[in-house]
Amino acid sequence: MPDLSSNTGGIRSPNPFWLASAPPANSGGQVQRAFDAGWGGAVWKTLGRPIQNVSSRFGAHSVAGARAIGFNNIELITDRSLEINFREIYDTKKKYPKHAVIVSLMVETRDEWRDIIKRSVDTGADGLELNFGCPHGMCERGMGSAVGQEPKVNQEITSWAVEYSSIPVLVKLTPNVSDIVPHGLAAKRGGAHGVSLINTIKSIISVDIDRFVPEPRVGGLSTNGGYCGQAVKPIAMHMLAALARDERFRLPISGIGGISNWRDAVEFILLGSSSVQVCTEVMLRGFRVVEDMIEGLEEYMRTHGFSTLESMVGRAVPSYSEWGNLDLNYETIAKIDPALCIGCNKCMIACEDGAHQCIHPNPTGARMPVVDESECVGCNLCQIVCPVEGCISMVGVDNGFAPSSWNQFVEESRVLRPKKGAH
Amino acid sequence: MVSTPLDPDRAESVFADFKGEYTREQATLEASRCLYCSDPPCVKACPTHIDIPQFIRKIATGNVKGSARTIFDANILGMSCARVCPVETLCVGDCVYNLMHVPPIQIGKLQRYATDRAYAEQWRFFEAGADTGKTVALLGAGPASLACAHELRRRGHGCTVYEKRPVVGGLNSTGVAPYKMKADRAADEVDWVLGIGGVEVVTGVEVGEQVSFQELEARHDAVFLGMGLGPDTRLRVPGEDLPGVHGAVDFIEEMKLTKMSLAGVRHAVVVGGGNTALDAVREARGLGVTDVVMLYRGDEAAMSGYHHEWAAARVEGVRAEWRAVAVGFEAGADGRVAGVLCQRLDEKRQPIAGDTFTLPAELVLVAIGQSKLGALVQSLAGIEVHHGRVVADERGATGRKGYFAGGDCRNGGKEVVNAAAEGKAAAQAIHAYLTGGL
Ligand SMILES: Cc1cc2nc3c(=O)[nH]c(=O)nc-3n(C[C@H](O)[C@H](O)[C@H](O)COP(=O)(O)OP(=O)(O)OC[C@H]3O[C@@H](n4cnc5c(N)ncnc54)[C@H](O)[C@@H]3O)c2cc1C
Ligand SMILES: Cc1cc2nc3c(=O)[nH]c(=O)nc-3n(C[C@H](O)[C@H](O)[C@H](O)COP(=O)(O)O)c2cc1C
Ligand code: SF4
Ligand code: SF4
Ligand code: SF4
């Protein structure tokens with residue numbers, strides 16, 4: 001039985017699945033039900049000076065047949081009083097001593113930070129998460145992403161928090177920056193025990209094309225919100241891996257952004273997450289999605305021989321490299337399995353109109369296109385559009401050329417194979 | 001309104017739609033499953049070659065108006081086709097999903113979704129072309145003539161449709177099974193198609209009787225033959241004239257257009273194994289007859305009717321007697337038919353001596369085919385008639401100058417969608433002829 005227990009900078013939980021700081025972790029009742037459903041931890045909805053939310057506050061990016069593959073919100077931090085929140089955190093921690101309860105915080109002045117951290121630690125919570133990420137509303141007031149976008153401010157506030165806190169401090173980073181690395185390093189210089197990423201991405205989710213107002217529509221106006229959900233996963237994973245592979249960083253990371261199932265979680269862990277946080281998927285489908293996440297992760301660990309989560313964390317990081325190190329002589333071509341092909345011609349039109357014009361009608365007249373292997377550049381497009389799983393395989397070919405990356409070509413004058421499809 | 005008002009209590013009104021209509025959500029979901037294939041087999045399988053992936057994608061994006069335009073541009077009878085096409089053997093049957101053993105795209109239901117919207121919203125897509133001063137006579141107001149007339153109007157030619165019946169729409173109004181489409185919907189379609197304007201419809205006028213071909217030739221510049229098929233073929237066995245024995249197509253027409261009572265009918269026998277027979281058995285069941293038997297001379301595999309239709313009929317409780325023919329009808333005390341004398345056949349369809357039986361029946365529907373109307377035009381020099389069908393080239397031109405043909409009278413009896421395709425193609429040939437290109 002693989003050991004799923006996780007440790008993120010000293011914050012321990014029975015499994016790596018945490019609720020992200022967001023509506024699902026808004027109250028004691030919710031968090032306790034989540035723990036009962038199987039969640040290993042929860043980052044409480046961000047606490048700070050009480051705010052007032054707008055009414056209409058969520059929007060979704062839906063494509064035909066799939067609702068809300070992307071989600072956005074314009075809500076702020078908690079709108080409940082600090083007293084109630086702290087009392088519920090205390091109760092929850094009492095009832096669930098083995099689960100991780102992390103308090104997310106966002107205030108302005110040094111005194112406010114000192115005060116709110118003390119009260120958080122007194123609840124018995126396992127850690128703090130500094131919300132330097134919220135990209136709407138709070139940043140206009142100099143908090144949230146306004147902090148996360150300024151490494152100096154980030155470092156300074158982090159150092160205050162670490163000074164006042166007796167429990168581990170995670171810094172939650174904003175993705176609304178051109179390069180995440182300096183921001184991770186600033187948190188590290190401030191003394192953080194780890195970082196969480198990503199918070200939401202600045203976005204306009206859609207426009208009401210009859211009323212000429214973006215959504216979510218608040219009367220006649222709207223504002224930019226924070227984008228999250230399945231659609232943001234590739235962006236989140238890049239930021240995660242960029243920090244995970246940086247020699248100077250080397251802090252634990254709690255991965256967030258578009259995680260909706262065990263497979264996503266596995267990918268985040270392989271790219272360096274010690275724990276994973278989920279918000280949108282729970283908002284859309286409820287706490288019980290965690291059952292499949294746990295089972296799937298366990299089964300994956302079993303089949304791949306990982307006995308502890310620790311041994312899995314970052315396993316794919318070393319193979320994330322620079323473009324200049326990729327082997328230009330490595331060559332694949334598309335092969336169609338005639339037994340599986342249904343003759344939809346999607347590969348042919350994709351290659352014809354969108355790639356290298358090397359898939360042609362079958363000269364025998366059969367309803368199965370053929371790949372001109374001498375022209376196929378191996379780009380994967382046809383495999384991506386083919387509706388039949390396993391029908392198009394990208395097969396490696398031995399072209400007789402020794403490996404050569406661009407860097408090796410430039411630095412060592414290695415030989416490159418002749419270009420294909422460059423007619 | 002060209003169409004005559006219909007009796008709201010006509011017998012067919014008890015039938016519900018067999019394939020229900022989609023909600024927006026259902027349509028969007030189904031549409032988004034379409035793979036948007038390139039040069040796909042579904043389009044090839046549609047006789048009117050509707051650009052199926054394109055119209056389906058437009059449903060998925062919410063561009064339902066554009067979707068309807070794509071459909072009607074290829075097939076102006078797209079609304080009735082969506083309901084009556086045997087899609088299992090046409091477009092849907094060839095959807096590539098079948099090869100993946102995944103349910104194929106419900107093309108007919110999606111087509112219905114878009115075309116019903118177009119009717120409901122009264123979207124109009126086509127305008128008549130500039131008047132050419134030429135006019136064309138069209139025989140029959142069925143699908144073939146309607147498709148032909150619409151296409152001719154787009155090119156500016158005047159049209160006069162001569163229809164012998166009081167109702168227009170051809171078999172779409174008088175023949176198709178009411179669980180696919182009822183006569184009022186067929187009437188809607190006629191109004192919709194003729195909404196392009198400039199088509200004169202003369203009902204109650206049979207060409208060859210009230211008006212001659214010579215008169216047509218004098219009045220018009222070209223003639224389109226779209227008169228479909230003739231009356232039901234008769235068995236020619238004793239007792240066929242007893243009350244209660246009907247030609248199936250005749251009976252169906254009565255059911256679709258008039259009130260009718262089947263009280264007292266507990267047993268019905270339908271003679272035949274084609275699609276009309278399959279419709280007739282399901283219709284008899286739907287009208288409340290408890291015991292419905294299909295009497296067919298071959299076995300199940302040899303039946304010319306669609307197997308999916310037979311499967312549906314069986315589910316509805318219809319039985320079959322395979323390899324047997326009706327050799328006579330018995331009268332009851334009331335002088336109406338009471339039973340069918342049947343003779344069992346062997347594998348070579350030869351009578352098995354002594355193997356006879358009687359099926360009780362207060363209603364008998366003979367569905368062994370319709371006669372061909374080729375004889376009507378046989379006397380016109382140049383026109384060739386083969387096995388009762390009017391012979392025409394692939395564009396619909398007959399051997400007589402200025403005469404064109406399409407639909408059942410030419411193809412011997414296929415589907416509405418074939419009539420639509422042939423009518424449209426013939427219009428293009430007529431246009432070429434009228435403008436000196438043929
Ligand atoms: C019972 C039955 C059920 C069917 N069900 C389906 C189905 O579900 N789906 C499907 O696709 N197809 C079905 N069909 C076939 C389909 O109805 C025909 O293929 C189609 O209607 C042919 O169109 P048409 O215009 O060639 O002929 P018709 O629809 O037969 O129209 C011919 C018209 O010409 C008129 N006419 C004939 N002679 C003259 C004359 N001398 N002068 C003036 N007018 C004349 C007739 O009154 C008629 O209105 C069915 C057919 C039958 C019999
Ligand atoms: C409605 C909503 C409210 C959120 N509120 C907070 C918050 O108060 N504090 C915070 O740190 N992140 C907040 N987030 C961001 C999430 O914690 C998370 O970082 C982000 O949604 C990406 O994860 P996901 O793709 O699983 O949703 C919020 C997200 C949503 C959708
Ligand atoms: S996309 Fe796949 S199934 Fe379709 S034609 Fe190409 S190889 Fe065949
Ligand atoms: S007209 Fe009939 S065959 Fe053609 S696509 Fe529509 S439903 Fe299918
Ligand atoms: S074959 Fe099926 S999936 Fe492909 S375009 Fe036609 S309906 Fe769509």
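**Entry 1: ligand 2**

I started with the cavities, and the largest one turned out to be the space taken by ligand 2. A reminder to myself before going further: this is a predicted model.

Next I looked up who lines up around ligand 2. I found 24 residues surrounding it, and the closest are Ser21(A), Thr46(A), Lys172(A), Gly258(A) and Thr280(A).

Ser21(A) was worth a second look. A polar backbone atom of Ser21(A) is 2.8 Å from an oxygen atom of ligand 2. I then checked Ile198(A), where a backbone N or O atom lies 3.0 Å from an oxygen atom of the ligand. Asn131(A) uses its side chain: an N or O atom there is 3.0 Å from a nitrogen atom of ligand 2.

How much of ligand 2 does the protein cover? On its own, ligand 2 has 610 Å² of accessible area, and the protein covers 98% of that.

I also sorted the shell by class and noted eleven nonpolar, ten polar and three charged residues around ligand 2. In chain A, strand S4 (41–47), strand S6 (66–73) and helix H9 (280–285) each supply at least two residues of that shell.

**Entry 2: ligand 1**

I moved on to chain B. For ligand 1 I noted 34 surrounding residues, with Val84(B), Glu163(B), Arg165(B), Leu171(B) and Asp408(B) the closest.

Which atoms come up to the nitrogen atoms of ligand 1? I wrote down these three:

- Tyr162(B) has a backbone N or O atom 3.4 Å from a nitrogen atom of ligand 1.
- Lys164(B) also brings a backbone N or O atom, at 3.1 Å from a nitrogen atom of the ligand.
- Glu415(B) offers a polar side-chain atom, 3.1 Å from a nitrogen atom of ligand 1.

Then I looked up the area: ligand 1 taken alone exposes 990 Å², of which the protein buries 95%.

Which elements give two or more residues to the shell around ligand 1? In chain B, I listed helix H7 (143–154), strand S2 (158–163), helix H11 (248–257), helix H12 (275–286) and helix H16 (416–434).

By class, I have 16 nonpolar, nine polar and nine charged residues in the shell around ligand 1.

**Entry 3: where ligand 1 sits**

My last question was why ligand 1 can be said to lie between two domains of chain B. Domain 2 (135–228 + 373–434) and domain 3 (232–366) both give residues to the shell, so ligand 1 lies between them.

Notes. Residues are numbered from 1 along each chain as its sequence is written. Chains are lettered from A and ligands numbered from 1 in the order in which they are written. This is a predicted model: local features need pLDDT of at least 70, side-chain atom pairs count only at pLDDT 80 or more; totals for chains, interfaces and linings use all residues. Side-chain values use heavy atoms; hydrogens and water are left out. A residue is near a molecule or strand if one of its heavy atoms lies within 4 Å of it. A polar contact is a pair of N or O atoms within 3.5 Å; within protein, one must be able to donate a hydrogen and the other to accept it, and residues adjacent in sequence count only if both atoms are side-chain atoms. Accessible areas come from the Shrake-Rupley method with a 1.4 Å probe; for residues, only the protein chains shown count as cover. Helices (H or I, at least four residues) and strands (E, at least two) are DSSP runs, numbered from the N terminus. Ala, Val, Leu, Ile, Met, Phe, Trp, Tyr, Cys and Pro count as nonpolar, Asp, Glu, Lys and Arg as charged, and the others, Gly among them, as polar. Domain bounds come from an automatic or database domain assignment. On a 1 Å grid over the protein atoms alone, a cavity is a set of points where a 1.4 Å probe fits but cannot get out, and a pocket is an open set with protein on both sides within 12 Å along at least five of seven lines; lining residues have an atom within 4 Å of a point. A molecule sits in a cavity or pocket if more than half of its atoms lie within 2 Å of its grid points.
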